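Me: Hi! I'm new to this one and would like a quick tour. Can we go through it together?
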Amino acid sequence: MRKRGNALLAGVLDLFYPPRCPVCDGLLMPGELICDGCRTEAVLLREPVCKRCGKQLGEEQREYCPDCARKAHRYLQGKAVFLYKGGIRQSLYRFKYAGKREYAVFYAREAAGLYGAWVQKNQIEAIVPIPMYRRKQRRRGYNQAEVFARALGRELRLPVERKMVRRIRDTTPQKNLNERERKDNLKNAFQFTDNIVKYKRVLLVDDIYTTGSTIDAVAEVLISGGIKEICFICISIGVGF
């Protein structure tokens, strides 16, 4: 009965608020998640990929991207859904800055299809979104990582622990910083709140992965709080060669 009611509600909402393509933002038919013509613009990650962070590699013989080959990370392994190029770049900009939160359904459906078995294999117990500084989140109205986490949690049937880690210090946007500056920028920026149910394995989620500085900083805090293994899934990632 509940499923039937949810389906009816979704149908009514589609009539008044028709879904839009996450790539071109054009109107979709009910039940569609992306335009047929835009499917090729959403480039999924395919092997070979880095065995640590999940970046696309140019050579099958290589196991790690240049970044992961020279430094250790605090997480166990990561995966990405799309290459950060073409239509996905514009899609993520609208998702992050233009209030297009409905795109998360498409991102999460693709993520679950690609990595649902991997999540089960790693015995993930909960999803933790990368937190946003409270004042910045109030200005924007939402945290895009949390929106994605909730959609992914529904697909994977996992709880989302959005309060496990807090961002206690505002930071400079990472995209304008080099590797050393990124690390310094995030120093003491996060705080572990509580692990009441004592999870041992969690999945961090974010929108874009670049060098992994943010994931590492949050993973460090989680480890200090007793989490044993941390994996991550991000919506998009750059090329690793």
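Me: Which residues does Leu203 touch, not counting residues up to four places away in sequence?
Reply: Happy to help! This is a predicted model. In it, Leu203 touches Trp118, Val119, Ile124, Ala126, Ile127, Val128, Leu152, Cys231, Phe232 and Ile233, leaving out residues up to four places away in sequence.
Me: And which residues touch the most other members of the largest nonpolar core?
Reply: Leu203 is one of them, along with Phe148, Leu152, Leu204, Leu222 and Ile233, in a core of 73 residues. Helix 4 supplies the largest share of this core, 10 residues.
Me: OK, helix 4 then. At what angle does it pack with helix 6?
Reply: Helix 4 (residues 103-121) and helix 6 (residues 144-156) pack at about 50 degrees, and their axes are 8 Å apart. The two are therefore oblique to each other, and the crossing is right-handed.
Me: Which residues of helix 6 meet helix 4?
Reply: From helix 6 you have Val147, Phe148, Ala151, Leu152, Glu155 and Leu156; they meet residues of helix 4 including Ala104, Tyr107, Arg109 and Gly116. The residues of this contact divide into 12 nonpolar, 1 polar and 2 charged.
Me: New topic: is Leu45 buried or exposed?
Reply: Leu45 is buried, because its relative accessible area is 5%, under the 20% cut-off. You'll find Leu45 in the loop between helix 1 (2-16) and helix 2 (66-70).
Me: What does Leu45 touch there?
Reply: Its contacts include Gly54, Phe82, Leu83, Tyr115 and Ile237. Also, the C-alpha atoms of Leu45 and Leu114 are separated by 9.1 Å, with the two residues 69 apart along the chain.

Methods:
Residues are numbered from 1 along each chain as its sequence is written. This is a predicted model: local features need pLDDT of at least 70, side-chain atom pairs count only at pLDDT 80 or more; totals for chains, interfaces and linings use all residues. Side-chain values use heavy atoms; hydrogens and water are left out. Axes are lines fitted to C-alpha atoms, for helices over the stretch in contact, and angles run from 0 to 180 degrees between N-to-C directions. Helices (H or I, at least four residues) and strands (E, at least two) are DSSP runs, numbered from the N terminus. Angles under 35 degrees count as roughly parallel, over 145 as roughly antiparallel, 65 to 115 as roughly perpendicular and the rest as oblique. A crossing is left-handed if the near helix is turned anticlockwise from the far one by less than a right angle, and right-handed if clockwise. Contact means heavy atoms within 4.5 Å. Ala, Val, Leu, Ile, Met, Phe, Trp, Tyr, Cys and Pro count as nonpolar, Asp, Glu, Lys and Arg as charged, and the others, Gly among them, as polar. A nonpolar core is a set of buried Ala, Val, Leu, Ile, Met, Phe, Trp, Tyr and Cys residues joined through side-chain atoms within 4.5 Å. Buried means under 20% relative accessible area, exposed over 50%, partly exposed in between (1.4 Å probe, protein chains only).
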